[in-house]
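Visitor: I should like to go through this structure feature by feature. Could the Guide take me through the strands, the pockets and the backbone?

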Amino acid sequence: MGRITLDKVRKTFGEVEVIPPLDLTIEDGEFVVFVGPSGCGKSTLLRLIAGLEDVSGGQIRIDGEDATMVPPAKRRLAMVFQSYALYPHMSVRKNIAFPMRMAKMPQHEQDRRIEAAAKALNLTDYLDRRPGQLSGGQRQRVAIGRAIVREPAAFLFDEPLSNLDAALRVGMRMEISELHKKLDTTMIYVTHDQVEAMTMADKIVVLRAGHIEQVGSPLELYRTPRNTFVAGFIGSPRMNLIEGAAAADLGAHTMGIRPEHIDVSTGAGQWQGTVGVAEHLGSDTFIHIHGIPGCDPLTVRADGEVSVRHGDTVHLTPQTQHIHRFGADGLRIA
């Protein structure tokens, strides 16, 4: 079981309140991602759950039991950091076994858990190698294996893919998601990369300055962002947020429209603009268009075969059914 409940949890450093009183429930078996810009408090919140930081107020419960003052080693949580933190002189087998050796676990049980973790992480053929003989992705899998053998109530990941190149990040995203399905264990994952959040999470927690801006499934946040911050943060490329006459005509302070929900024409349309940079990615082309009142540049996602050049004049029409409206306070208008 791995149900984690935060009740009015807060954190201050001196007179600075970095996490105002916060409520959150993470259900057993969920894959929850904390996402937000740098400095939003996501890693601090993870460390509070792990017990690596002391709470300044509120209560943390794990499976219904108060864990607020319980030492990290006794919370039945396993943390995987951005740094692999492997022992270079030890084999993969000994690195994975280290927490069990410290707990003086019987050797036969250590062997069983090591073999199971290695099989789940495709590390069986590398158990006798040292970390220096492994790729970055393999080293991160060893760090995850070291967490798996503890058989925790929940796994806590603090930006574990930040040290990997783009191709490895994509591969490891898939591997961690598959691992979650195999283990069916609660996972909390911190990242500033909203693409990781969208592709991995059952539930996303969007944070800004220690506040929870919205909690929901990836598609809930994508389709019905609660405010302009979530609208602009979730989605790649980000949602276009347009102020001025176009929004006022809809009874809003800000109008939101995603790049893929704008039709492009060389003939006629609601808006007219000039093509700036066109990013051709094969299947898609991202066109950055200047001259649109209230949003400069405006981004459009078009078919990869679209033929536009810098300086071309284009006409744009937003798809009415996909327009989002926000008030002057930034909140969504139903």
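Visitor: Over how many bridges do strand 12 and strand 18 pair?

Guide: The model is a predicted one. Within it, strand 12 covers residues 254–257. One bridge links Met255 to Arg325 in strand 18. In total, strand 12 and strand 18 pair in the antiparallel sense, and the number of bridges is three.

Visitor: Which strands stand at the edges of the open sheet?

Guide: The sheet is open and has three strands in the order 11-12-18, with antiparallel pairing. Each edge strand has a single partner strand, so one side of it is left without a neighbour in the sheet. The edge strands are therefore strand 11 (240–243) and strand 18 (324–326).

Visitor: By what angle are neighbouring strands of this sheet turned against each other on average?

Guide: The sheet in question is the one with the order 11-12-18. With direction ignored, the average turn between its neighbouring strands is 25°.

Visitor: Which element gives the most residues to the lining of the largest pocket?

Guide: The largest pocket holds about 540 Å³ of space. Of its 20 lining residues, the closest to the centre are Leu77, Ala78, Met79, Pro99 and Arg150. Two elements give two or more residues to this lining, namely helix 4 (136–148) and strand 6 (77–80). The most, four residues, come from strand 6.

Visitor: How many residues in the lining of the largest pocket are nonpolar?

Guide: The lining includes one polar residue and four charged residues. The nonpolar residues number 15.

Visitor: Which helix gives the largest share of the lining of the second largest pocket?

Guide: The second largest pocket has a volume of about 150 Å³. Its lining divides into eight nonpolar, one polar and three charged residues. Among the lining residues are Ile148, Phe155, Leu183 and Thr185. The largest share, five residues, comes from helix 3 (residues 107–120).

Visitor: Is Glu151, which lines the second largest pocket, buried, exposed or partly exposed?

Guide: Glu151 is found in the loop between helix 4 and strand 7 (154–158). Although Glu151 is not a glycine, its phi is positive, at about 50°. Its relative accessible area is 46%, and so Glu151 counts as partly exposed.

Visitor: What is the phi of Lys8?

Guide: Lys8 lies in strand 1 (residues 4–13). At 44% relative accessibility, Lys8 is partly exposed. Lys8 is not a glycine, yet its phi is positive, at about 55°.

Visitor: In which loop does the proline of the cis peptide bond from Ser236 lie?

Guide: The peptide bond from Ser236 to Pro237 is cis, with omega near 0°. Pro237 is found in the loop between helix 8 (228–233) and strand 11.

Visitor: Where does Pro297 lie?

Guide: Pro297 also takes part in a cis bond, with omega near 0°, and the residue before it is Asp296. The place of Pro297 is the loop between strand 15 (284–290) and strand 16.

Visitor: Is His310 buried or exposed?

Guide: His310 is in the loop between strand 16 (298–303) and strand 17 (313–318). Not counting residues up to four places away in sequence, His310 touches Val275 and Gly276. Its relative accessible area is 67%, and since the cut-off for this class is over 50%, His310 is exposed.

Visitor: What separation is found between the C-alpha atoms of His310 and Phe31?

Guide: Along the chain, His310 and Phe31 are 279 residues apart. Their C-alpha atoms are separated by 43 Å.

Notes. Residues are numbered from 1 along each chain as its sequence is written. This is a predicted model: local features need pLDDT of at least 70, side-chain atom pairs count only at pLDDT 80 or more; totals for chains, interfaces and linings use all residues. Side-chain values use heavy atoms; hydrogens and water are left out. Buried means under 20% relative accessible area, exposed over 50%, partly exposed in between (1.4 Å probe, protein chains only). Contact means heavy atoms within 4.5 Å. Two strands pair if DSSP finds at least two bridges between them. Axes are lines fitted to C-alpha atoms, for helices over the stretch in contact, and angles run from 0 to 180 degrees between N-to-C directions. On a 1 Å grid over the protein atoms alone, a cavity is a set of points where a 1.4 Å probe fits but cannot get out, and a pocket is an open set with protein on both sides within 12 Å along at least five of seven lines; lining residues have an atom within 4 Å of a point. Grid points are joined across faces, edges and corners, and a volume is the space filled by probe spheres set on the points. Ala, Val, Leu, Ile, Met, Phe, Trp, Tyr, Cys and Pro count as nonpolar, Asp, Glu, Lys and Arg as charged, and the others, Gly among them, as polar.
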